[in-house]
Structure formats: C-alpha cells, structure tokens
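Visitor: I am new to this one. Could you take me through it, and let me ask how each label is earned?

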Amino acid sequence: MSLIAAYEDVKVTRRFREAAGGVGGRTDFMVGEVGVPNLPQVFLAESPPARTIPPHYHDVDEYQVPMSGSGWFGKHRLIIHGVHFARAYTPYGPIAPEKDGLSFLTLRTQAAGPIRMVPEHSETLKRMPNRRPYQGTEAPVFGGPDDVSIRLLSTLKEGGGVTAHAVSLKPNAKAAAPDHSLSKGQFLVVVRGGLVHQGTLHNALTVAFVKPDEPRFQLAAGTEGADVLVLDMPRNAEGAAHKPAQNPKFRVWQCALCAFTYDEAKGMPEEGIAPGTRWEDVPDTWTCPDCAAGKADFEMEVVG
C-alpha cells in the first residue's frame with residue numbers, strides 16, 4: 001500500500017533547534033532506516049537566514065525541492081518547486097539561505113546522513129571506482145488547457161537518466177501517475193491544491209511514496225485541482241554527467257568530485273570569466289559552482 005503523509009498531519013512532530021541567526025526546524029514526513037531500501041526518508045528542513053549548510057554528499061541518491069524562502073545552492077539561485085537530483089557520492093553545496101530563510105524538501109528511498117567535504121573525504125571520492133557523479137536542477141512547468149497535463153523534466157532525463165514529471169490536474173480530474181515499475185520507487189509531491197486518496201483529501205504539502213511492485217498511483221484532484229511533482233528514483237541512472245563537445249583550440253576541465261565542467265571556450269561570464277579564458281588564467285580563488293571544490297580538484301578531459 002502506498003505511503004502518504006500531509007504536512008497538516010505530521011507537523012505536530014516538528015522538531016526545532018536553535019541555530020545561528022534564528023530557529024531552524026525539521027518536519028519528518030517519512031522517517032526511514034539507514035540501510036533499508038524502500039523504507040523512504042522524507043523531511044522538510046527549515047533554515048534561518050544565517051545558517052549555511054556546508055558542502056557535503058550522501059551515499060544514496062536523493063531529490064530536493066525548495067518550498068519557500070530564497071537562497072543559493074552552490075552558486076545557483078534556488079527555484080521554488082524546482083527539482084534538484086544528486087546521485088550518490090556527488091558533493092554539492094553550500095546551501096545558503098537569504099534574509100527570509102529557506103525551506104526545502106528532501107526525499108530518499110532509504111535514510112542517509114550527510115558526509116562533510118573534509119579533505120580526507122574528497123580524496124576518498126577521487127579514488128572510488130565506478131563512481132558516476134551527477135547533479136542537476138530543473139524548474140517544472142505546470143498547467144495547460146487539458147484536464148490533465150503531464151510534462152517530463154527533460155533536462156534531468158537527458159543529463160542523468162532521471163525520470164521526473166510535472167503533473168497538473170483541473171478540479172476533480174483523475175489520472176494514473178506515470179509508470180514507475182522500472183524505478184527504485186516513486187515519490188509524489190503535491191505542491192498546490194490537493195489529492196483525494198482513499199476518501200480523504202490531502203492538501204499541499206503532501207508526499208506519497210509508491211514501491212516499484214505496487215500499482216500505479218491513482219491521482220484524483222480535489223475541488224481546487226492539483227499540481228504534483230512525480231519523481232522516480234532511478235534504478236540504474238544512464239551515463240554520467242553530460243560532457244560538452246570540445247573546440248580543439250580550447251580545453252574542458254572537469255571537477256573530479258561532482259563532474260561540473262569548465263569549458264575554456266565558453267568561460268563563465270556570469271562570474272566575470274570571459275569566453276576564451278584559459279584555465280591557467282581563472283583566478284585561484286575560484287571554486288566549483290556545484291560543490292565549492294577548488295581548482296586543484298579539476299582535471300582536464302582527454303578527447304578521444
């Protein structure tokens with residue numbers, strides 16, 4: 001039977017902790033257990049403005065969805081309801097809230113804790129065989145003229161073999177969720193409106209989890225309709241991070257920790273690094289936008 005939990009039902013178990021600059025909180029939707037698959041871990045983390053979460057990684061795949069506030073994920077501005085996927089052993093961060101704080105949902109098919117990016121852990125990642133680091137973010141597009149709209153998040157699919165959909169239902173509309181039988185499990189996150197499940201209306205924010213061998217989840221919108229993120233945890237994600245084509249006059253450098261690439265031909269104008277800037281001319285203080293690694297953690301890609 002599918003697991004389902006609404007914020008209105010679980011918020012009484014909310015745990016608060018004092019943190020630098022304010023009070024942070026965590027609301028557990030599904031607790032999970034370390035090392036036990038298909039026993040999901042889902043929680044809403046709330047960070048006050050001054051609490052920055054340093055770069056880290058996990059030993060399981062995970063999704064994260066910002067729910068409120070504003071902030072930065074590495075050097076990328078967070079998008080409310082944007083879907084971020086990080087493959088196991090892929091470092092990311094820091095996560096830095098802005099003045100209004102930040103809350104984000106974390107979803108894993110089994111429980112895991114953070115592993116900080118201290119030097120010894122960086123070296124362990126570099127030596128790990130068959131590691132395929134990948135992370136990506138995509139903003140969902142909801143809505144449409146039809147009673148049911150289902151849109152694939154194509155950037156995540158093309159970059160990391162991740163299957164995620166943005167589903168919109170008009171009031172009282174019904175549909176089966178996308179097939180999940182080839183996944184390690186499917187999460188459904190109601191970000192607007194509500195779904196009726198077994199006769200009960202579950203309003204946003206609600207999370208459901210469906211195991212691979214269970215029937216497809218039946219989506220039934222309430223009187224306000226519903227916007228739902230449908231996130232499949234990949235069983236075997238395809239390929240590694242996207243490798244850009246190289247201009248023979250320029251080189252491409254890849255982060256050995258998270259697979260971010262710096263293309264000399266393109267530079268990074270948003271950070272003041274003009275197209276055509278050689279790696280040697282990139283400031284030594286520059287850090288990886290995705291995981292905050294330094295230049296020493298980058299390696300030149302070999303063509304052919």
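**How sure is the model?**

Guide: This is a predicted model. In the protein, confidence is lowest in strand β2 (residues 15-19), with a mean of 59. Confidence is highest in strand β13 (residues 164-169), at 98.

Visitor: What is the average pLDDT of the protein, and what share of the residues score at least 70?

Guide: The average is 90. On the second point, 90% of the residues score at least 70.

Visitor: What makes residues 238-242 worth a note on pLDDT?

Guide: Their pLDDT stays under 50. The scale runs from 0 to 100. The model has 15 contacts for these residues beyond four places in sequence.

**Overall form**

Visitor: How many helices and strands does the protein have?

Guide: There are 3 helices and 21 strands.

Visitor: How do you know whether the radius of gyration agrees or disagrees with a compact globule?

Guide: Set the value against the rule. The rule takes 2.2 Å times the number of residues to the power 0.38. For 304 residues, that puts a compact globule near 19 Å. The protein has 20 Å, so the value agrees. Along the principal axes, its C-alpha atoms fill a box of roughly 65 × 45 × 35 Å.

Visitor: What share of the residues is buried, and what supplies the exposed area?

Guide: Buried residues account for 53% of the 304. The protein exposes about 14200 Å², and carbon and sulfur atoms supply 54% of that.

**One residue up close**

Visitor: Why is H56 called buried?

Guide: Buried means under 20% relative accessible area. H56 has 5% relative accessibility, so H56 counts as buried. This residue lies in strand β5 (residues 56-57).

Visitor: What is in contact with H56, leaving aside its neighbours within four places in sequence?

Guide: The partners are T90, P91, Y92, P114, I115, R116 and M117.

Visitor: What makes the pairing of the H56 and H58 side chains a polar contact?

Guide: The cut-off is a pair of N or O atoms within 3.5 Å. The two side chains make their polar contact at 3.4 Å.

**The cores**

Visitor: Which residues touch the most other members of the largest nonpolar core?

Guide: F29, Y63, L105, L107 and L231 do, in a core of 29 residues. Another core, of 18 residues, lies apart from it; F260, Y262, V282 and F298 are among its members.

Visitor: What is L231 in contact with, beyond four places in sequence?

Guide: Its contacts include Y63 and L107, along with V65, V83 and F187.

Note on methods. Residues numbered from 1 in each chain as written. Predicted model: local features only at pLDDT ≥ 70, side-chain atom pairs only at ≥ 80, totals over all residues. Heavy atoms only, no water. pLDDT = per-residue confidence, 0-100. Helix = DSSP H or I, 4+ residues; strand = E, 2+ residues; numbered from the N terminus. Contact = heavy atoms within 4.5 Å. Buried < 20%, exposed > 50% of the residue type's maximum accessible area, 1.4 Å probe, protein only. Polar contact = N/O pair within 3.5 Å; in protein donor to acceptor, adjacent residues only side chain to side chain. Areas by Shrake-Rupley, 256 points an atom, 1.4 Å probe, with all protein chains shown as cover. Core = buried A, V, L, I, M, F, W, Y, C linked by side-chain atoms within 4.5 Å.
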